[in-house]
Amino acid sequence: MESTRSKLIRLLADAKESYISGQQLSEQLHISRTAIWKHMKELEKDGYVIEAKPKTGYRIKKFSGNVSSNTITWGLNTLWIGKEIIHKPTVTSTQVVAHQAARDNSPHGTVVIADEQSSGRGRMERVWHSKKGKGVWMSIILRPNIPPYMAPQLTLMTATAIAEVLDQYDGIQPNIKWPNDILIQNKKVAGILTEMQAEQDRIQYVVVGIGLNVNQDNTEIPDAIHYRATSLKMETEKEWPIIELVQKILEGLEKEYESFLKKGFGDVKSKWENYGFRIGEMISLHSGTEKKEAVFLGIAEDGALLIESSKGEAEKIYSAEIDWFVED
Ligand code: BTN
């Protein structure tokens, strides 16, 4: 159910530049005018700039761009993801905080988000650069009732949800590089790291870590990865609203997750393939020291990478990296 605070923001937002009287707000929200005033003070604490004009009413002069558990919650349209949000200005890694929270019984759908990570981690023990206030650095705790072997499908599902969110914006055409790198114009803008705590046949919890480069400038991407990394700002030459992106990703993820549990992986597979990078093309793959080249056919019903074998048959690959640039 939408909270009073979210409804209040919506009413103020709908009024655009005009003032809404305290009386009107109090009638629509069924709370006293003193309570309205207290809500306004709370909004100001979270970075909103509110103008209160005597005998006229209130209007929002500036929406808050500060990430906090409040600013994410207000306007978040989900049933269970993000009902609990742990926001920290600085962490080593949101994955570390989320694992601890999961061990401490934080519920399914808990979100851990930080402004900055000092040791952000990527797949294959790589470093994930997470500059303060420049991107979405968050981890989500899930407690799915599925066997552990299906967990990688959650990662493909998350990649699909993120690609669908980015696709809603003009000027952005995302691709997904198997299994879960989000690319724009062949450069990586987002990555997903899924970590799981499980017994042989039961998942205790999964932590899905999402890193999305949002407002970095050219100079804020380390030189060493310049040739293969980008941010939304670098692609569009404008600042992006981090809170809105977080809300849309959480909403999209909740929808995809519900559909995945009800209908299985089939739907995710076809959506994933809509964004699949280099499907139908010759790709070069490596796993450890083994390298091969083959035509990329798509993904299998279980999420494996499908290539055309030398005998012309479809062959499943579970663990490999697509060589994407020569330098990789
Ligand atoms: C990758 O592409 O290698 C995965 C990158 C995942 C980065 C995110 S940022 C939030 C969360 N915390 C981390 O330390 N890593 C993930």
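**Close-up views of a predicted model**

**Figure 1. The span of residues 70–261.** The end C-alpha atoms of residues 70–261 lie 29 Å apart, and the span is 29% helix and 28% strand. In this predicted model, the span corresponds to a feature recorded by UniProt, in an unreviewed entry, as "domain: BPL/LPL catalytic".

**Figure 2. The ligand and its surrounding shell.** The ligand is surrounded by 20 residues, and the closest are Ser93, Gln117, Arg121, Arg123 and Lys188. By class, this shell divides into 6 nonpolar, 10 polar and 4 charged residues. The space that the ligand takes is the largest pocket.

**Figure 3. Secondary-structure elements around the ligand.** At least two residues of the shell come from each of helix H5 (94–103), strand S5 (135–142), strand S8 (187–198) and strand S9 (203–213). Strand S8 gives the most to the shell, with 4 residues.

**Figure 4. Polar contacts of the ligand.** An N or O atom in the side chain of Gln117 lies 2.8 Å from a nitrogen atom of the ligand. Arg121 approaches through its backbone: one of its backbone N or O atoms is 2.7 Å from a ligand oxygen atom. From Lys188, a polar side-chain atom lies 2.6 Å from an oxygen atom of the ligand. Taken alone, the ligand exposes 420 Å², of which the protein buries 99%.

**Figure 5. Annotated binding-site residues.** The unreviewed UniProt entry assigns the feature "binding site" to Gln117, Arg121, Gly122, Arg123 and Lys188. From this set, Gln117, Arg121, Gly122, Arg123 and Lys188 are found in the lining of the largest pocket. Arg121 is located in the loop between strand S4 (111–117) and S5.

**Figure 6. The cis peptide bond at Pro179.** The peptide bond that runs from Trp178 to Pro179 is cis, with omega near 0 degrees. Pro179 belongs to the loop between strand S6 (174–177) and strand S7 (181–184).

**Figure 7. Backbone conformation at Asn105.** Although Asn105 is not a glycine, its phi is positive, at about 70 degrees. Asn105 occupies a position in the loop between H5 and S4. Of the two elements that flank this loop, H5 also supplies at least two residues of the shell around the ligand.

**Figure 8. The span of residues 22–41.** Residues 22–41 are listed by UniProt, in an unreviewed entry, under "DNA-binding region". This span is 85% helix and 0% strand, and its end C-alpha atoms lie 14 Å apart.

Conventions. Residues are numbered from 1 along each chain as its sequence is written. This is a predicted model: local features need pLDDT of at least 70, side-chain atom pairs count only at pLDDT 80 or more; totals for chains, interfaces and linings use all residues. Side-chain values use heavy atoms; hydrogens and water are left out. A residue is near a molecule or strand if one of its heavy atoms lies within 4 Å of it. A polar contact is a pair of N or O atoms within 3.5 Å; within protein, one must be able to donate a hydrogen and the other to accept it, and residues adjacent in sequence count only if both atoms are side-chain atoms. Accessible areas come from the Shrake-Rupley method with a 1.4 Å probe; for residues, only the protein chains shown count as cover. On a 1 Å grid over the protein atoms alone, a cavity is a set of points where a 1.4 Å probe fits but cannot get out, and a pocket is an open set with protein on both sides within 12 Å along at least five of seven lines; lining residues have an atom within 4 Å of a point. A molecule sits in a cavity or pocket if more than half of its atoms lie within 2 Å of its grid points. Ala, Val, Leu, Ile, Met, Phe, Trp, Tyr, Cys and Pro count as nonpolar, Asp, Glu, Lys and Arg as charged, and the others, Gly among them, as polar. UniProt positions are given in the numbering used here, feature names are shortened, and annotations may be inferred rather than shown by experiment.
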